[in-house]
Amino acid sequence: MQSALKLARRPAAALSRRGVRNAGSLTMDVHPSGVALIKIDCPNAKQNTMSKELLEEFEEITSRIEKDAAVKAVVLMSSKPGSFVAGADIKQIAALGDAPPEVLAEASGMGQAALDKLESMQKSKPWVAAIDGPALGGGLEIALACSHRVATSSPKTILGLPEAAIATALDAASGKTKPRQRKLGWMDWFLEKTPPGRKLLFDQATKAMLKQTKGNYPAPPAILECAKAGLEAGHTAGSTVERQLFGKLAATSESAALRGIFFGATAAKKNPFGKPDKKVETIGVLGAGLMGAGIAEVSIGKNLRVLMKDKDQAGLSRGEDMILKSLGAKLKKKRLTTYTHDAQASRLVGLTDGSPAWKKHFAGADMVIEAVFEEMSVKHKVVREMEAIVGPHCIIASNTSTLPIGEIASVAQRPENIVGMHYFSPVPKMPLLEVITHDKTAPAVAAAAVEVGIQQGKTVIAVKDVPGFYVNRCLGPFLTEAMALTQQGADPLAINSALLDFGMPVGGVTLCDEVGIDVSRHVVNNLIGDQAKGYLGVRMEGADLRMLDRFVEEGLLGRKAGRGFFDYSDPKAKKKPINKDALAILKEFRDPAKDASQLSKEQLVERMMMRFIVEALYCLQDGVIRNARDGDVAAVMGIGFPPFRGGPFMYIDKLGADHVVSRLKALEAEHGAQYAPPEILLKHAKDGTPFISSAPEPEA
């Protein structure tokens, strides 16, 4: 194998005894020693994917190798630096559109046949997969079908499957339900080899799967069905079931929704403002709290030098401890090597107001991101102080969640250098970044902000400078409706349960507790005001929001305070009870004119989600977001809008714009103008046009 690896490092021209160059994605050179080097290079694509064309070429070249007695072994690698095979060609699946399941199953069968053939060759002609870059989904299957695998230590090299459970299904479909080296114990024998054992195994797996997915995703039960067929009847039966299920799943609305999010996230990798004039290398972060430390962590992890400053050593130490604890956990889980861990930690420079040289350090920063208190006067103080210290090229970015960027920039001497970069908490886990430009932000500054976000590993959307930007602008009416329902007698637990069943990660009332009721109050209050000035006006009506003031007065701030709508005093309690003090406040603000206590789950979901959807529509109509796809991606990645529903716009397309108009008019008649359908929705309903095109997105 060592000689094969040396072979893979030599230029192809030096290898060739006989060169075979296919017109498409594969080339082969055969060394006199009998080792063939196959390189994958899908044309006109940044990543190699398992397209129909690649599979056809793979069939041709493996047949040639199989018959060629001169070829003794094969090394398989990519010609694209940092890209092995990143899975199936999603665009080709999408391009099949409304094709019958049989056609989609045939596409799956091509992949199965290629892998079967590759695996069958290993005893006579071993293959080595030389992996640099992502080997995902079908790409990892190719590597696993080879006799041996070697991989670079590049951070781009990732081995993975779309879902962990798929690995079980793939093994089962191949008739290999256990690792080759695992000794079969009596419990394994019982569970895998006996009918009662298999029934117990799959009953428990189904129960666990439904608890996690709530029946919202069709793929997990299909995976179990595939696994069962392969386990009971072997490779051929498992492959047949796998093909059939793939054909059915690819035609579902859930598949279309998830593809839509994939296309949107891929398109977001392209900077809408173009290439920045200057590369950002050093970032100053003001504030070492949860947000500041999170921004610093995702930056040092992507080769950016970070100057993190807090007012005193105690605050700085808390931030540094958070970062080092996170890096240590990654090291323990072997997600980082010792060298990478130390390299990332070394890129963090901690500073305080008392550090003699902090101004000298910040004078060399290319960008400063402030994560300080959400008060306009504090933001203005930061802008004035930073402009007196940093160079004229330095970008000053605000991590504000709701304050207008233009107003923050109003005190700046160089307003063209001011931009908004709204991260979501916790920063290392939440993938979304909103970049907000005001009317004087220079295009090069916006380009640099987006570029930094992409480098940090974020999915970046460009947003107009309006109160709440996009995600929080939609969240405000959603939270308002949660308050309205509780004031009308709806059980907070019932509201939570309904939203969880719909697919949200947390219930509507729990969301207030998780965000912090003081923060929720801040979000909704910043959206209240005249529509002509960019605020939401009537769209924030429906509840008496003074109730949030009472919660804050009583110290009921949510989970962080141990008390909010729910009682968090018992850390072991899986289901948190409603806080008695919260019940007293709810009684105080009970709306005597309306009763929501008997609403069904579907009605609770409709009232809350329609408030979110109406505001998303206004954001598209008013140019707050560039397009509907951005709106879907941001909703899914920013607040956890159910991915299998695709985001608010794909959800409208699924329900039908005319149906949504009908429901909104009914809700408007019953509850008020906050439910009035926007003009853009009325137009789509009249024209019968979807918000999201079914055509695949262009290459980012």
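**Exercise 1. Lys199 and its partner**

Task: Classify Lys199 as buried or exposed, then find which residue forms a salt bridge with Lys199.

Solution.
- Step 1. In this predicted model, Lys199 has a relative accessibility of 55%. The exposed class begins over 50%, so Lys199 counts as exposed.
- Step 2. The salt-bridge partner of Lys199 is Asp203, with the closest N and O atoms 2.8 Å apart.
- Step 3. Asp203 is partly exposed, at 39% relative accessible area.
- Step 4. Both residues lie in helix α9 (residues 195-213), four residues apart. About one helical turn therefore separates Asp203 from Lys199.

**Exercise 2. A pair in α20 and α26**

Task: State whether Glu481 and Arg611 are buried or exposed, and where in the chain they lie.

Solution.
- Step 1. The two side chains meet in a salt bridge, 2.6 Å from N to O.
- Step 2. Glu481 sits in helix α20 (residues 471-487) and Arg611 in helix α26. The pair links distant parts of the chain, 130 residues apart.
- Step 3. Buried means under 20% relative accessible area. Glu481 has 1%, so Glu481 is buried.
- Step 4. Arg611 has 2% relative accessibility and also counts as buried.

**Exercise 3. Asp518, Lys560 and the salt-bridge count**

Task: Work out which parts of the chain the Asp518 and Lys560 pair ties together.

Solution.
- Step 1. Asp518 forms a salt bridge with Lys560; their closest N and O atoms are 2.9 Å apart.
- Step 2. Asp518 lies in helix α23 (residues 517-525), while Lys560 lies in the loop between α24 (546-553) and α25 (580-588). The pair therefore ties together parts that are 42 residues apart in sequence.
- Step 3. Check the surface values. Asp518 is partly exposed at 23%, and Lys560 is exposed at 54%.
- Step 4. Add a network. Arg550, Glu553, Glu554 and Glu588 are joined by salt bridges that share partners.
- Step 5. Put the pairs in context. With a cut-off of 4 Å between the side-chain nitrogen and the carboxyl oxygen, the count comes to 29 salt bridges.

**Exercise 4. Placing the largest core**

Task: Decide which domains the largest nonpolar core lies between.

Solution.
- Step 1. List the domains. The chain is divided into domain 1 (1-160), domain 2 (186-251), domain 3 (282-467) and domain 4 (471-623 + 626-687).
- Step 2. Find the hubs. The largest nonpolar core has 107 residues, and Met386, Tyr470, Phe478, Phe565 and Phe649 touch the most other members.
- Step 3. Find the main contributor. Helix α26 (residues 601-621) gives the most, with 13 residues.
- Step 4. Domain 3 and domain 4 both give residues to this core, so the core lies between them.
- Step 5. Look at one hub. Beyond four places in sequence, the contacts of Phe649 include Tyr470, Ala616, Leu617, Leu620 and Phe691.
- Step 6. Note a second, separate core of 34 residues, with Ile295, Leu304, Val427 and Val445 among them.

**Exercise 5. From β15 to β16**

Task: Trace the chain from β15 to β16 and give the handedness of the crossover.

Solution.
- Step 1. Strands β15 (residues 432-437) and β16 run parallel, joined by six bridges.
- Step 2. Take one bridge: Ile436 has Val463 in β16 as its partner.
- Step 3. Follow the chain. The path leaves β15, passes through helix α19 (residues 443-455) and enters β16. This β-α-β crossover is right-handed.
- Step 4. Check the cover on β16 (residues 459-464). Five of its six residues are buried, so the strand is mostly covered.

Methods. Residues numbered from 1 in each chain as written. Predicted model: local features only at pLDDT ≥ 70, side-chain atom pairs only at ≥ 80, totals over all residues. Heavy atoms only, no water. Core = buried A, V, L, I, M, F, W, Y, C linked by side-chain atoms within 4.5 Å. Buried < 20%, exposed > 50% of the residue type's maximum accessible area, 1.4 Å probe, protein only. Helix = DSSP H or I, 4+ residues; strand = E, 2+ residues; numbered from the N terminus. Domains from an automatic or database assignment. Contact = heavy atoms within 4.5 Å. Pairing = 2+ DSSP bridges. Right-handed = clockwise from strand over helix to strand, strands pointing away.
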